[in-house]
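Here are my notes on this one, in the order I'd go through them with you. Have the structure open while you read.

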Amino acid sequence: MKRAKRRGKARGSGTLAADFTRGMVATGLLTAVQDRWVTGAEPPAPRTVLRHGLQGGAALAAASVAADALRNRDYARLALAVAAGAAGVVMIEHLLNPAEEPPQERPKHEDPHG
């Protein structure tokens, strides 16, 4: 009976969607305002703010699930939450981080040293 009450309190503090939203807003705000008053600093691109916000949301949601799983000694759920959080962060990075230009090919008659 006590375990059910504890779970209810932990769930009452926020759902997974609420945790994601908290992490997204907090990280997005930090990214948007950090270093704004440094001389010569440019504001971050909106895509960067979005990418960091989504990654922060995914990380906080995964951390919340992992903490709940650890509290309940559900180690399989703990490992799954960490893996899902890492996969989410990497996927967002891959989708929203602009790809670098591929290096230009050297003419075949040149060696790597010029």
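**Notes on the helices and the loops between them**

1. Let's begin in a loop: Arg73 sits in the stretch between α3 and α4. Keep in mind throughout that this is a predicted model. Arg73 comes after α3 and has a positive phi, near 55°, even though Arg73 is not a glycine. Is Arg73 buried or exposed? It is exposed, at a relative accessible area of 64%.

2. Arg73 has a counterpart in another loop. Asp35 is located between α2 and α3, and Asp35 also isn't a glycine yet shows a positive phi, about 60°. Its relative accessibility is 55%, and since exposed means over 50%, Asp35 counts as exposed. If you're checking backbone angles, I'd put both loop residues on the list: Asp35 with its phi of about 60° and Arg73 with its phi of about 55°.

3. Now the overall layout. The protein chain contains four helices and zero strands, so to speak a plain α-α-α-α run when read from the N terminus. Of its 114 residues, 19% are buried. The chain exposes about 8900 Å², with carbon and sulfur atoms supplying 62% of that area. As for contacts between residues at least 6 apart in sequence, 65% of them join residues at least 24 apart.

4. The pairing of α3 with α4 deserves a look. Helix α3 covers residues 46-71 and helix α4 covers residues 75-96. Two packed helices are described by the angle between their axes and the distance between the axes. Here the angle is about 175° and the axes are 8 Å apart. Anything over 145 degrees counts as roughly antiparallel, and α3 and α4 are therefore roughly antiparallel to each other. Sorted by class, the residues in this contact are 17 nonpolar, two polar and five charged.

5. What about α3 by itself? It has 26 residues and reaches 37 Å from first C-alpha to last, close to the 38 Å expected at 1.5 Å a residue. Which residues of α3 are buried? They are Arg51, Gly53, Gln55, Gly56, Gly57, Ala58, Ala61, Ala62, Val65, Ala66, Asp68 and Ala69. When you look at how these are spaced, remember that an α-helix has 3.6 residues a turn, so residues three or four places apart point the same way. Note that Arg51 and Asp68 are among the buried ones; I'd click on both of them.

6. On the α4 side, start with Leu78, which is found in that helix. Leu78 comes out as partly exposed, at 21% relative accessibility; the cut-off for buried is under 20%. Which residues does Leu78 touch, leaving aside its neighbours within four places in sequence? Its contacts are Ala66, Ala69 and Leu70. Leu78 and Ala66 are twelve residues apart along the chain, and their C-alpha atoms are separated by 4.6 Å. Ala66 and Ala69 also appear among the buried residues of α3.

7. Gly85 also has its place in α4. Its relative accessibility is 9%, and because buried means under 20%, Gly85 counts as buried. From Gly85 to Val65 the C-alpha to C-alpha distance is 9.6 Å, with their positions 20 residues apart in sequence. Val65 is another of the residues listed as buried in α3.

8. Next, α2, which spans residues 16-33 and includes Gly28. Gly28 counts as buried, at 10% relative accessibility. Not counting residues up to four places away in sequence, Gly28 touches Val49 and Gly53. The C-alpha atoms of Gly28 and Arg51 are 8.3 Å from each other, and the two residues are 23 apart along the chain. Both Arg51 and Gly53 are buried in α3.

9. Last point: Thr31, also in α2. How accessible is Thr31? Its relative accessible area is 12%, which makes it buried. Apart from neighbours within four places in sequence, Thr31 is in contact with Pro44, Thr48, Val49 and His52. Val49 therefore turns up twice on the view I'd suggest, as a contact within 4.5 Å of Gly28 and of Thr31.

Notes. Residues are numbered from 1 along each chain as its sequence is written. This is a predicted model: local features need pLDDT of at least 70, side-chain atom pairs count only at pLDDT 80 or more; totals for chains, interfaces and linings use all residues. Side-chain values use heavy atoms; hydrogens and water are left out. Helices (H or I, at least four residues) and strands (E, at least two) are DSSP runs, numbered from the N terminus. Buried means under 20% relative accessible area, exposed over 50%, partly exposed in between (1.4 Å probe, protein chains only). Accessible areas come from the Shrake-Rupley method with a 1.4 Å probe; for residues, only the protein chains shown count as cover. Axes are lines fitted to C-alpha atoms, for helices over the stretch in contact, and angles run from 0 to 180 degrees between N-to-C directions. Angles under 35 degrees count as roughly parallel, over 145 as roughly antiparallel, 65 to 115 as roughly perpendicular and the rest as oblique. Ala, Val, Leu, Ile, Met, Phe, Trp, Tyr, Cys and Pro count as nonpolar, Asp, Glu, Lys and Arg as charged, and the others, Gly among them, as polar. The expected span of a helix is 1.5 Å times one less than its number of residues.
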